[in-house]
Each structure stands twice: as C-alpha cells, then as structure tokens.
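Colleague: Could you take me through the nonpolar interior, and then show me where it sits in the whole chain? I am in my first year, so short steps please.

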Amino acid sequence: MQLAKLLPLENIVTLPDNISRRELLIRLIQPLAKSGIVDGIDTFADDLEEREEQVTTQVEGGFALPHARSLAVRRLGLTMGIAPPPGLNFGPDPSQPCRIFFLIAIPEFAPAAHLPLLQTLAKMARDQKRREKLLACTTARQALKEIGSFKG
C-alpha cells in the first residue's frame with residue numbers, strides 16, 4: 001500500500017508538548033475536516049476516545065495508531081502527528097510516551113476499509129530501522145519523504 005497517496009503533506013502535523021489526548025486527537029482530525037473527509041470533529045474525537053478506552057491503539061516503539069469507525073467520516077482518511085521528545089502520554093502507561101501518531105478515519109459504512117492500511121502501518125512500526133528514521137523526523141517534509149520510501 002502506498003501510504004503517501006493517503007497522506008498528503010498537509011495531513012502531517014507537528015504537535016506541541018504537554019497537550020491532552022483529546023487535544024492531540026482534535027489536532028489530528030483538523031486536516032481531515034478541512035479536506036471534507038470528516039464533517040464532525042467533536043463526534044469523531046468522541047468515537048476515537050471511546051475506541052481508545054476499549055483497547056489502546058498504542059504499539060511498540062513510541063507509535064500509536066488511533067482509529068475508529070464514525071458516522072462523521074465520509075471516506076477513509078489518514079493523518080500523522082509528530083510529537084517532540086520525550087513524547088506524549090497516550091496509552092494507559094504514562095511511562096511509555098508516544099512520538100508518532102497515525103490517525104485513521106474509517107467511515108461507518110465501510111468498517112473493514114482500513115484493514116490494509118492498519119496492517120501497513122503496523123508493519124512500519126515493527127521495522128526498527130524505519131521506526132528510528134521516523135522518530136528522527138522533526139518536520140512534515142522529512143516524515144513524508146520517509147513514508148514515501150516505505151514499500152509495505
């Protein structure tokens with residue numbers, strides 16, 4: 001799957017430190033709302049929070065893959081967030097902060113549309129060299145270049 005096709009430069013967000021999980025999710029949803037993929041920021045953020053309370057989407061190595069189906073989502077969408085070191089508290093364990101976030105917006109009418117994307121992102125997160133390169137990115141352009149070179 002070509003991640004760069006789903007992730008234009010404007011969908012890569014650099015995040016400030018010390019923000020709440022809710023504010024993080026809203027910042028990641030905003031590019032999707034601007035492009036018409038999401039038509040209800042708060043509704044989708046609520047759906048993401050509910051999903052996160054069921055089972056965390058935090059994965060190894062400082063990555064999180066928040067995703068949820070929502071009536072507020074019009075089509076499959078993806079954003080990426082880059083947090084400064086040491087990262088942001090996202091999952092249940094505050095001693096394991098996250099630095100890279102891939103948010104997947106899933107339309108309610110297509111509940112399995114995200115599975116190939118989720119599989120590709122999980123593969124990227126498990127690849128130690130790729131993970132280290134992404135964690136070294138500080139700008140959206142650097143991240144997009146790195147993601148564009150991933151053949152997952």
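**From the charges to the core**

Modeller: Start with the charges. The protein chain carries 19 positive and 17 negative side chains. The centres of these two sets are 11 Å apart. Keep in mind that this is a predicted model.

Next, get the overall frame. The chain holds 6 helices and 6 strands. In sequence order, the pattern runs α-β-α-α-β-β-β-β-β-α-α-α. Along its principal axes, the C-alpha trace spans about 35 × 30 × 25 Å. What radius of gyration would a compact globule with 152 residues have? It would be near 15 Å, and the protein chain has 14 Å, so the two agree.

Now go inside. Of the 152 residues, 47% count as buried. The largest nonpolar core has 25 residues. Six residues have the most contacts inside this core: Leu-15, Leu-24, Val-38, Phe-44, Phe-101 and Leu-103. Which elements give two or more residues to this core? They are α2 (21-34), α3 (41-54) and β6 (100-107). The largest share comes from α2, with 6 residues.

Pick one residue and look around it. Val-38 is a good place to stand. Leave aside the neighbours within four places in sequence. Val-38 is then in contact with Ile-29, Leu-32, Ala-33, Phe-44, Ala-72, Val-73 and Ala-105. Find these partners on the sequence. Ile-29, Leu-32 and Ala-33 fall within the span of α2. Phe-44 falls within α3, and Ala-105 within β6. So much for one residue's surroundings.

There is also a second core, apart from the one around Val-38. This other core has 23 residues, among them Met-80, Ile-100, Leu-121 and Phe-150. Met-80 falls within the span of β5 (77-82).

Contacts across the whole chain come next. Take those with a separation of 6 or more. Residues 24 or more positions apart account for 69% of them.

Now step outside, to the surface. The protein chain exposes about 7,500 Å². Carbon and sulfur atoms supply 52% of that area.

Finish with some loops. Asn-18 lies in the loop between β1 (12-14) and α2. Is Asn-18 buried or exposed? Asn-18 has 72% relative accessibility, so it counts as exposed, the cut-off being over 50%. Its backbone deserves a look too. Most residues other than glycine have a negative phi. Asn-18 is not a glycine, yet its phi is positive, about 60°.

Move on to the loop between β5 and β6. Pro-86 lies here. A cis peptide bond joins Pro-85 and Pro-86, with omega about 5°. Most peptide bonds are trans. Pro-94 sits in that loop too, between β5 and β6. Pro-94 is exposed, with a relative accessible area of 56%. Pro-94 and Pro-84 are 10 residues apart in sequence. Their C-alpha atoms are 16 Å apart in space.

One last loop, between α1 (3-6) and β1, holds Pro-8. Pro-8 has 28% relative accessibility and therefore counts as partly exposed. Pro-8 and Gly-61 are 53 residues apart in sequence and 24 Å apart in space, C-alpha to C-alpha.

Technical notes. Residues are numbered from 1 along each chain as its sequence is written. This is a predicted model: local features need pLDDT of at least 70, side-chain atom pairs count only at pLDDT 80 or more; totals for chains, interfaces and linings use all residues. Side-chain values use heavy atoms; hydrogens and water are left out. A nonpolar core is a set of buried Ala, Val, Leu, Ile, Met, Phe, Trp, Tyr and Cys residues joined through side-chain atoms within 4.5 Å. Buried means under 20% relative accessible area, exposed over 50%, partly exposed in between (1.4 Å probe, protein chains only). Helices (H or I, at least four residues) and strands (E, at least two) are DSSP runs, numbered from the N terminus. Contact means heavy atoms within 4.5 Å. The radius of gyration is taken over C-alpha atoms; the globule rule is 2.2 Å times the number of residues to the power 0.38. Accessible areas come from the Shrake-Rupley method with a 1.4 Å probe; for residues, only the protein chains shown count as cover. Lys and Arg count as positive and Asp and Glu as negative; His and the chain ends are not counted. The place of a charge is taken as NZ of Lys, CZ of Arg, CG of Asp or CD of Glu.
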